[in-house]
Amino acid sequence: MDRFIDKQPLFLSSETSIHHAIQKMIDLGKCNLLVYDKDQNVVGIVTERDILRKIAILAIDDKLSYNISTIMTRPVVFIEESNVVAQVKRVFHSKKNRHFPIINRLGNSSVDDVQGMLTVTDFFKKYIDTF
């Protein structure tokens with residue numbers, strides 16, 4: 001499972017503009033990013049789906065200049081690295097999440113505690129490899 005976890009997730013400040021966040025995701029080939037606050041705690045997640053769905057309905061001018069905190073999903077549902085498979089299965093079925101930040105221990109939410117990011121696509125790759 002470890003080989004499917006992105007060990008270098010993208011982190012951006014909640015003060016980052018939507019435009020800059022989108023550009024960073026494109027430049028780095030990422031489909032998601034984690035948002036942190038002034039205390040370096042992860043407070044949200046932004047995915048391609050958030051960008052597509054939430055920006056389109058924002059009834060404001062110059063949407064891309066707003067902070068990513070405007071469109072981030074919160075609270076973040078973390079997965080503890082010691083039990084990834086069972087937790088991903090549970091969270092996917094109960095909350096329909098498709099992006100899973102892996103953390104060293106539940107209860108910790110700082111940027112330094114995040115070990116990586118796993119997506120449903122990554123998880124599916126693992127499943128397919130069993131055949």
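This is a short dialogue on reading the sheets, helices, pockets and backbone details of a predicted model.

Biologist: Let's start with the sheets. In what order do β1, β2 and β3 sit in their open sheet?

Modeller: The trick is to walk from one edge to the other. Here the order is β1-β2-β3, and the pairing is mixed. β1 (11-13) and β3 have a single partner strand each, so both stand at the edges with one side left without a neighbour in the sheet. Ignoring direction, neighbouring strands here are turned by 35° against each other on average.

Biologist: How many bridges join β2 to β3, and do they run parallel or antiparallel?

Modeller: Count the bridges, then look at strand direction. β2 (residues 32-36) runs antiparallel to β3, and 5 bridges join them. If you want one pair to find on screen, Asn-32 stands opposite Thr-47 in β3.

Biologist: Which strands of that sheet does α1 touch?

Modeller: For a helix on a sheet, ask what it touches and at what angle. α1 packs on this sheet and touches β1, β2 and β3. The direction of α1 makes about 135° with that of β2.

Biologist: And how do I read the way α1 and α2 pack together?

Modeller: Take the distance between axes, the angle, the hand and then the side chains. The axes of α1 (residues 18-28) and α2 come within 11 Å, crossing at roughly 145°. The crossing is left-handed. On the α1 side you have Ile-18, Ile-22 and Met-25, and they meet Glu-48, Ile-51 and Ile-55 of α2. By class, that contact has 5 nonpolar, no polar and 1 charged residues.

Biologist: Now the other sheet. Which strands form the edges there?

Modeller: Same walk as before. The order in this open sheet is β4-β5-β6, with mixed pairing. β4 (79-80) and β6 (114-119) are the edge strands: each has a single partner, so one side of each lacks a neighbour in the sheet.

Biologist: In which sense do β4 and β5 pair?

Modeller: The parallel sense, over 2 bridges. To locate the pairing, start at Ile-79, whose bridge partner in β5 is Ile-102. Then look for α4, which lies across β5 and β6 and runs at about 75° to β6.

Biologist: On to pockets. What is the volume of the largest pocket, and which residues are closest to its centre?

Modeller: Begin with the volume, then go from the centre outwards. The largest pocket has a volume of about 300 Å³. It has 15 lining residues, and the closest to the centre are Ile-45, Thr-47, Thr-73, Asn-97 and Arg-98. You've already met Thr-47 as the residue opposite Asn-32. Next, look at who supplies the wall: β3 (42-47), α2 (48-57) and β5 (99-103) each give at least two residues. By class, the lining has 5 nonpolar, 4 polar and 6 charged residues.

Biologist: Which residues line the second largest pocket?

Modeller: This one has a volume of about 170 Å³. Its lining is Val-85, Val-88, Lys-89, Phe-92, His-93, Val-120, Phe-123 and Phe-124. Two elements, α3 (84-95) and α4 (120-128), give two or more residues to that lining. The largest share, 5 residues, comes from α3. The class count is 6 nonpolar, 1 polar and 1 charged. So α4, the helix lying across β5 and β6, also helps to line this pocket.

Biologist: Last topic, the backbone. Where is the cis peptide bond?

Modeller: Omega is the angle to check. The cis bond joins Arg-74 and Pro-75, with omega about -5°. Pro-75 belongs to the loop between α2 and β4.

Biologist: What is phi of Gln-40, and where is that residue found?

Modeller: For phi, look at the sign and at the residue type. Gln-40 has phi near 70°, which is positive in a residue other than glycine. You'll find Gln-40 in the loop between β2 and β3, the two strands joined by 5 bridges.

Terms used. Residues numbered from 1 in each chain as written. Predicted model: local features only at pLDDT ≥ 70, side-chain atom pairs only at ≥ 80, totals over all residues. Heavy atoms only, no water. 1 Å grid on protein atoms, 1.4 Å probe; cavity = no way out; pocket = protein on both sides within 12 Å on 5 of 7 lines; lining within 4 Å. Points joined across faces, edges and corners; volume = space filled by probe spheres on them. Helix = DSSP H or I, 4+ residues; strand = E, 2+ residues; numbered from the N terminus. Nonpolar A, V, L, I, M, F, W, Y, C, P; charged D, E, K, R; others polar. Axes fitted to C-alpha atoms, helices over the stretch in contact; angles between N-to-C directions. Left-handed = near helix turned anticlockwise from the far one by under 90°. Contact = heavy atoms within 4.5 Å. Pairing = 2+ DSSP bridges.
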